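Colleague: I am new to this structure and should like to understand the terms used to describe it. May I see it before I put my questions?

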Amino acid sequence: MTGDGTFSPTDQALSPSPDLKLTVEEGSQNSEQLLEDEDNDLEMEGNDLDIEGNGLDIESNGLDIEGSGLEIESNDLENDSHHMLIEDNEHESNRNDLTMVAGENGIPQGKDYLPPVVGMEFESYDDAYNYYNCYAKELGFAIRVKSSWTKRNSKEKRGAVLCCNCEGFKTIKEANSRRKETRTGCLAMIRLRLVESNRWRVDEVKLEHNHLFDPERAQNSKSHKKMDAGTKRKMEPTVDVEIRTIKLYRTPVVDPTGYGSSNSNEGEISNNVDRSRRLKLKKGDAQLIHDYFCRVQLINPNFFYVMDLNDEGRLRNVFWIDSRSRAAYGYFGDVVAIDTTCISSKYEIPLVAFVGINHHGQPILLGCGLLADESFETYIWLFRAWLTCMSGRPPQTIITDLCKAMQSAIAEVFPRAHHRLRVSHVIQSILENLGGSQDSGTFQMILNRVIYDSLKVEEFELAWEEMIHNFGITDHPWLHNWYEDRDRWAPVYLKDTFFAGMYPSQNGESTGSFFDGYINQQTLLKEFFDMYELVLQKKHQKEALDDFESRSSSPMLKTSCYYELQLSKLFTNEIFRRFQDEVVMMSCFSIMQVHANGPIITYILKEQECEGDQKSIKSFEVMYDKGSAEIRCLGGCFNFNGYLCRHALCILNYNGIEEIPFQYILSRWRKDFKRVYVPDLGSSNVDISNPVQWFDHLYRRSIQVVEEGMISQDHYMVAWQAFKESLNKVRLVADKHV
């Protein structure tokens with residue numbers, strides 16, 4: 001049963017299964033615990049495990065490296081040190097996604113290697129090890145293999161934990177030796193897991209160290225000595241510049257079409273990907289994109305963007321997201337819709353928008369992309385770029401239109417997310433493909449009734465069979481394909497999926513496109529970027545105005561029910577209005593208890609429904625657990641809308657429950673919840689003896705003041721005055737020590 005639908009996904013750590021053998025470094029902090037779980041299936045190795053692998057130096061054409069910036073000669077784009085550049089090299093007739101990130105402010109990193117994040121993938125264990133080793137060397141610490149898993153009766157490695165060399169503490173035996181103590185109990189590490197027998201994925205990451213970096217000592221460590229001895233490869237000696245990269249796994253080529261989609265192109269279906277494909281840009285568009293990104297980043301340091309180039313150095317795909325959207329994802333990242341309307345409807349701009357829904361039920365932007373095509377590879381690139389800037393935190397639910405390539409990419413990048421299809425798109429597609437062969441009005445009415453009125457799976461399947469038989473469309477292949485995918489779009493199958501109000505109701509109410517009304521099929525890229533910030537500003541102003549009205553006004557009550565009064569004090573005005581409609585319709589003909597199993601009681605409610613001049617009685621089943629105060633209506637309203645329906649409220653009232661239980665009052669709808677749209681500040685725990693952590697903590701806190709100081713001129717003046725006063729106080733401390 002769904003409780004609070006707010007976004008707090010967690011990744012479970014990899015635990016060894018019975019058919020895996022575990023290799024643990026002697027003296028590791030967790031050795032005893034691991035050994036206790038595995039008994040005789042473990043092998044002990046007394047020495048640190050430093051594994052030598054292939055280096056990550058990949059040469060590239062058309063790129064000059066200056067410090068940590070990039071100059072792309074072929075596209076005349078100069079990019080600063082805050083963006084990610086992804087280039088493409090050919091290798092064994094497959095695509096390599098090569099990623100270089102000069103990452104975010106405040107996160108420890110080297111010049112060429114971004115910090116590891118959950119979801120990163122590599123072609124081999126050696127690639128993963130070498131990446132972490134290179135990242136460590138640039139920062140000034142060494143690594144070792146803390147533990148690794150192999151398959152029973154096999155030497156095939158299945159998982160591993162790579163940790164900082166300062167992890168753990170000496171054993172009692174080691175503590176008595178004369179060797180200098182170098183271990184500090186550091187927790188920095190990455191956990192790797194083999195997926196689908198050919199790729200290594202990062203499952204867990206800890207970035208914070210509890211010690212100062214010592215580049216000189218790190219240079220003499222086993223891991224870095226082995227790397228220097230011969231793991232760095234040079235591709236072609238004629239090229240003077242080498243670019244160190246993270247080599248992500250090669251993605252296979254798949255058929256990007258699905259169900260005869262109107263936006264499919266049979267000429268594009270091929271096992272040989274066109275490696276020269278690129279964005280269809282008009283003259284000056286590439287420079288326009290670059291200039292916009294550079295300008296925004298001057299005033300918004302946490303603005304994030306990434307560019308994908310083809311072999312000729314031309315733009316293929318672009319992704320970007322502003323600081324506010326990244327912060328908003330922390331509050332409203334539970335449900336995300338991926339809007340591809342511009343691509344499927346052949347707009348001038350191939351725009352993809354990541355859209356969430358805020359506490360007023362309004363669409364909010366969570367990132368944008370411009371794509372060269374709708375291939376599996378392209379969507380893999382886009383979703384990985386998006387997930388990277390969200391610190392590897394996937395959404396709980398993803399809503400899209402139908403596209404087989406995108407569906408496969410979502411399963412690959414977001415394996416734990418619930419991928420659902422927009423039911424309005426399904427209905428529209430069915431009606432369009434049937435054309436004039438049916439009485440459209442009658443058929444649409446019956447189709448809506450089958451989809452929205454079925455409360456049980458058996459009811460839906462029987463009603464569907466009856467519908468297609470009565471209309472003589474049993475052999476229609478398009479309809480058959482939709483039916484096969486029914487568990488992704490039919491409401492009766494989706495009651496356990498949380499939608500936060502983004503699932504459209506039968507009356508057509510749903511969250512529209514974020515840019516709806518601002519762009520059309522003829523909108524040019526220049527026009528889009530000219531209006532982009534104005535659209536964001538209007539949306540932000542609308543949210544601020546609704547915040548003010550919700551906090552300063554009390555909505556008018558329509559009943560004497562205490563549930564209505566209770567949530568009028570908590571919910572924002574718009575969400576309360578929707579909930580109020582349920583309270584008004586709480587009346588029903590009868591409530592009957594039909595089953596009891598301990599504290600869990602099942603009720604049947606009968607209510608009258610009117611459709612035109614016709615009236616009917618409909619039954620709803622509701623289960624109530626007296627012990628935990630959990631309640632579930634067969635209609636699944638709470639997961640669809642984020643608040644309880646009239647049937648659940650009736651049963652709570654019937655059982656004498658005076659207030660709605662707290663688990664059904666989601667913080668995402670509350671007007672008294674303070675939301676600060678600034679980047680994630682991370683841990684507040686600071687080692688006061690560690691200057692590195694001083695800088696990181698002070699920098700992140702100061703960025704928070706900067707972000708809030710940008711809200712208005714008054715905010716700016718207050719922030720500026722606070723900075724001046726703080727600086728004077730800090731200087732007074734310094735003067736005392738002179």
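Modeller: The exchange below takes up some features in turn and asks what justifies the terms applied to them.

Colleague: What kind of model is this, and how many helices and strands are there in the chain?

Modeller: This is a predicted model. The chain holds 21 helices and 26 strands. Of its 738 residues, 49% count as buried. The chain exposes about 36000 Å², and carbon and sulfur atoms supply 49% of that area.

Colleague: Which residues touch the most other members of the largest nonpolar core?

Modeller: They are Ile430, Trp464 and Trp489, in a core of 68 residues. Leaving aside residues up to four places away in sequence, Trp489 touches Leu421, Val423, Val426, Ile451, Phe460, Trp464, Trp482, Leu494 and Tyr503. A second, separate core has 37 residues, including Ala327, Ile338, Ile410 and Phe414. As a general matter, nonpolar side chains in soluble globular proteins tend to be buried together.

Colleague: What makes the contact between arginine 384 and glutamate 121 a salt bridge?

Modeller: The term requires a side-chain nitrogen of Lys or Arg within 4 Å of a carboxyl oxygen of Asp or Glu. The N to O distance between arginine 384 and glutamate 121 is 2.8 Å, so the pair qualifies. A search of the whole structure finds 28 salt bridges. This pair links distant parts of the chain: arginine 384 lies in helix H9 (residues 376-389) and glutamate 121 in strand E9 (residues 121-122), 263 residues apart.

Colleague: Why are arginine 384 and glutamate 121 called buried?

Modeller: Buried means under 20% relative accessible area. Arginine 384 has 12%, and is therefore buried. Glutamate 121 has 3%, so the term applies to glutamate 121 as well.

Colleague: How do you know that arginine 158 and glutamate 156 form a salt bridge, and why is arginine 158 called partly exposed?

Modeller: Their closest N and O atoms are 3.1 Å apart, and the limit is 4 Å, so the pair counts as a salt bridge. Partly exposed covers values between the 20% limit for buried and the 50% limit for exposed. Arginine 158, with a relative accessible area of 24%, therefore falls in that range. Glutamate 156, at 34%, is also partly exposed.

Colleague: How far apart in helix H15 are aspartate 546 and lysine 542?

Modeller: They are 4 residues apart in helix H15 (residues 525-552), which means that about one helical turn separates them. They form a salt bridge, with the closest N and O atoms 3.5 Å apart. Aspartate 546 has a relative accessible area of 11% and is therefore buried. Lysine 542, at 43%, is partly exposed. Elsewhere, salt bridges that share partners join Glu121, Arg199, Arg201, Arg384 and Glu412 into one network.

Colleague: What shows that the side chains along strand E26 alternate?

Modeller: In E26 (residues 630-633), Ile631 and Cys633 point to one face and are buried, whereas Glu630 and Arg632 point to the other and are not. In general, side chains in a regular strand alternate between the two faces of the sheet. Strand E25 (residues 614-625) runs antiparallel to E26, and 4 bridges join the two. Tyrosine 624 stands opposite isoleucine 631. E25 and E26 form a hairpin with 4 residues between them, and alanine 629 in the turn has a positive phi of about 60 degrees.

Colleague: What makes strand E17 mostly covered?

Modeller: In E17 (residues 315-321), 7 of its 7 residues are buried. E17 is joined to strand E16 (residues 304-309) by 6 bridges in the antiparallel sense. E17 also pairs antiparallel with strand E20 (residues 363-370), over 3 bridges.

Colleague: Which elements give two or more residues to the nonpolar patch on the surface?

Modeller: The patch consists of Leu298, Ile299, Val705, Val706, Met710, Tyr716, Met717, Trp720 and Phe723, with about 910 Å² of accessible area together. The elements are helix H6 (285-299), helix H20 (691-709) and helix H21 (713-736). H21 gives the most, with 4 residues.

Colleague: Why is valine 705 called partly exposed?

Modeller: Valine 705, in helix H20, has a relative accessible area of 34%. That value lies between the 20% and 50% limits, so valine 705 is partly exposed.

Key
Residues are numbered from 1 along each chain as its sequence is written. This is a predicted model: local features need pLDDT of at least 70, side-chain atom pairs count only at pLDDT 80 or more; totals for chains, interfaces and linings use all residues. Side-chain values use heavy atoms; hydrogens and water are left out. A nonpolar core is a set of buried Ala, Val, Leu, Ile, Met, Phe, Trp, Tyr and Cys residues joined through side-chain atoms within 4.5 Å. Buried means under 20% relative accessible area, exposed over 50%, partly exposed in between (1.4 Å probe, protein chains only). Contact means heavy atoms within 4.5 Å. Accessible areas come from the Shrake-Rupley method with a 1.4 Å probe; for residues, only the protein chains shown count as cover. Two strands pair if DSSP finds at least two bridges between them. Patches are made of residues with over 30% relative accessible area and no salt bridge: like charges are joined within 9 Å, nonpolar side chains (Val, Leu, Ile, Met, Phe, Trp, Tyr) within 5 Å.
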